[in-house]
Amino acid sequence: MIPGTDVLIIGAGVIGSAVALEFARSGRRVTVVDRGPAPGAGSTSSSSAIIRFSYSTLDSVLTAWESAPYWNDWEGYLGVRDPDGMCRFIPTGMLLFDTPEFSFDRITDLWDDVGIAYETLDTEQIAARYPQLDVGRYFPPKTVDDPAFADDARGTVTAIHESLAGFIDDPMLAARNIAHAARHHGATFRFHAEVVGVEMTDGRVSGVRLADGEVVHAPIVINVGGPHSARLNALAGADVDMTIGHRPLRQEVFAAPAPDGLALDDGAPIISDLDIGQYFRPQVGGTLLVGGTEPACDELEWVDDPDTYDEHTTVEKFETTMYRLARRVPEFGVPHRPVGLAALYDVADDWVPIYDRSAVPGWFMACGTSGNQFKNAPLAGKFMVAIVDAVESGHDHDHDPVRFVGERTGRSIDLGAFSRRRTPASTSGTVMG
Ligand SMILES: Cc1cc2nc3c(=O)[nH]c(=O)nc-3n(C[C@H](O)[C@H](O)[C@H](O)COP(=O)(O)OP(=O)(O)OC[C@H]3O[C@@H](n4cnc5c(N)ncnc54)[C@H](O)[C@@H]3O)c2cc1C
């Protein structure tokens, strides 16, 4: 047996831990190294952890739909109960408003194809079911200093409702649960272990060098470094043939007291509202969690150095978020002071993740998760095993992409859809994917 490990995974977020679990299950020796203190302490800890199926491409819809049962039967998926507690899937359903820019048909055609049930609601039905919501059409979203921001609605919205969406109550605990299961299957996790170099032997990856000088040998290294993953790809020289770029994007998410009728206990749904440029969902504790959907009027905050971004929320974003929310939910409680967080997405050019091999033999990547892949961690782990198995046995995944057959539908997912060398997918160009 060669010293070291069979598979080294950089990053113990929800996806890195899921990749570790699947490789450990496949019988490999697995080591996960993470510069942080604990599983899920990176961008995973800030996740809104929404589980939904509203993507623009068939392979993305299938991936989310196939991942959902694992969250529904969490202990069954993990194969073990974490004594420190288990995260919970909270079913809420999801309401999506139409916008002139992004038609429902695109999503409902895919849902019809996959067999995802939904209801179409006209304006009156929305108003009857959710009297707390203003049903005006405000599109396009505007900045609050735009004189047109306060204009009256021009028309009304319609919606689709899907009932199996929901969210995970504690995203960091989800990563910890998966890491616990991976350990149970033999994986080793090392924290405060930062990768600063990549070891090569005869043109192939042979391990990584840590900040303290230690070299960990491994014939297969998988970059699941979240917002740091572009840097890690560059460190390995693995970015040379990528046609899809990915880079950190700063986000702010806030909480505001939910009005009566829109709290979790009231059975409120997640709301995807591209008409005002926001998504919001109820959460434990009687508040709404509110995030943005990158409306065209907002400047995107690309971050050059993921180690030095501003981790504090800003008054400007807080006010924008609250004013926009007030258009749709006039009765929400404005918080006395901002409660929220600032965090990073790792955004791919087309907002579709990259699950792939690389130009460097032995170096693989699960990155570019674009603010929308928490829900897909279980499948991402399985995808990476399928890709590594195929590539390491000589299969040309770049030209004949591996296909993954989902357990739920028996449908095959084209993993070429997540290639680093794909033609950019046609998507919403936002976190909605
Ligand atoms: C604000 C926000 C809201 C979101 N909402 C949703 C949502 O509602 N639904 C959804 O599906 N997705 C959502 N996402 C996206 C989802 O949370 C991410 O796609 C997912 O958590 C990424 O997991 P990861 O394991 O790839 O990365 P991370 O959790 O970022 O983990 C990467 C790890 O790599 C480690 N690392 C980095 N560099 C090194 C190095 N050199 N050496 C060693 N370790 C290193 C870091 O310490 C970190 O722990 C959201 C993301 C954010 C930020």
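In strand E13, Ile 220 is the bridge partner of Val 7. This pair belongs to the parallel pairing of strand E1 (residues 7-10) with strand E13 (residues 220-223), which extends over four bridges. The model in which these features were computed is a predicted one. E1 and E13 are members of an open sheet of six strands, ordered E9-E2-E1-E13-E21-E20, in which the pairing is mixed. The sheet is bordered by strand E9 (188-191) and strand E20 (354-356), each of which pairs on one side only. Between neighbouring strands of this sheet the average turn is 20°, with direction ignored. Helix H1 packs on the sheet and touches E1, E2, E13 and strand E21 (363-367). The direction of H1 makes about 165° with that of E2.

The domain assignment divides the protein chain into domain 1 (7-86 + 170-245 + 350-418) and domain 2 (94-163 + 252-347). The centres of the two domains, taken over C-alpha atoms, are separated by 29 Å. Domain 1 and domain 2 contribute 23 residues each to the contact. On the side of domain 1 that touches domain 2, helix H2 (residues 58-72) gives the most, with four residues. By class, this side of domain 1 comprises nine nonpolar, 13 polar and one charged residues.

The ligand is surrounded by 39 residues, and the closest are Gly 11, Gly 13, Gly 42, Ser 47 and Gly 226. Both domain 1 and domain 2 give residues to this shell, so the ligand shell lies between them. At least two residues of the shell are supplied by each of helix H1 (14-25), strand E2 (30-34), strand E14 (246-257) and strand E19 (340-348). H1 and E2 thus recur here, having been described above as a helix packed on the sheet and a strand that it touches. In terms of residue class, the shell consists of 17 nonpolar, 18 polar and four charged residues.

A second open sheet contains three strands in the order E10-E11-E12, with antiparallel pairing. Its edge strands are strand E10 (195-201) and strand E12 (215-217), each pairing on one side only. Neighbouring strands of this three-stranded sheet are turned against each other by 30° on average, direction ignored. Strand E11 (residues 204-210) is joined to E12 by three bridges in the antiparallel sense. Within this arrangement, Gly 207 stands opposite His 217 in E12.

Strand E7 (residues 159-162) takes part in further antiparallel pairing. With strand E5 (residues 94-97), E7 forms four bridges in the antiparallel sense, and Met 94 has Glu 162 as its bridge partner in E7. With strand E6 (residues 119-121), E7 pairs in the antiparallel sense over three bridges. In this second pairing, the bridge partner of Glu 119 in E7 is His 161. The loop between helix H5 (123-129) and E7 contains Pro 140. The peptide bond from Phe 139 to Pro 140 is cis, with omega near 0°.

Helix H7 (residues 229-236) is largely enclosed by the rest of the structure, because six of its eight residues are buried. The buried residues in H7 are Ser 229, Ala 230, Leu 232, Asn 233, Leu 235 and Ala 236. Just after H7, Gly 237 takes a positive phi of about 70°.

Most residues other than glycine have a negative phi, and most peptide bonds are trans. Against this background, two residues with positive phi that are not glycines merit description. Ala 49 has a positive phi of about 55° although it is not a glycine, and its place is in the loop between E2 and strand E3 (50-51). Ala 49 counts as buried because 24 C-beta neighbours lie inside 10 Å, the threshold for a buried residue being 20 or more. Trp 351, likewise not a glycine, has a positive phi of about 65°. The place of Trp 351 is in the loop between E19 and E20. With 26 other C-beta atoms within 10 Å, Trp 351 is buried.

Technical notes
Residues are numbered from 1 along each chain as its sequence is written. This is a predicted model: local features need pLDDT of at least 70, side-chain atom pairs count only at pLDDT 80 or more; totals for chains, interfaces and linings use all residues. A residue is near a molecule or strand if its C-beta atom, placed from the backbone, lies within 6 Å of it. Ala, Val, Leu, Ile, Met, Phe, Trp, Tyr, Cys and Pro count as nonpolar, Asp, Glu, Lys and Arg as charged, and the others, Gly among them, as polar. Domain bounds come from an automatic or database domain assignment. Two residues are in contact if their C-beta atoms, placed from the backbone, lie within 7 Å. Two strands pair if DSSP finds at least two bridges between them. Axes are lines fitted to C-alpha atoms, for helices over the stretch in contact, and angles run from 0 to 180 degrees between N-to-C directions. A residue is buried if 20 or more other C-beta atoms lie within 10 Å of its own, exposed if 12 or fewer, and partly exposed in between; C-beta atoms are placed from the backbone.
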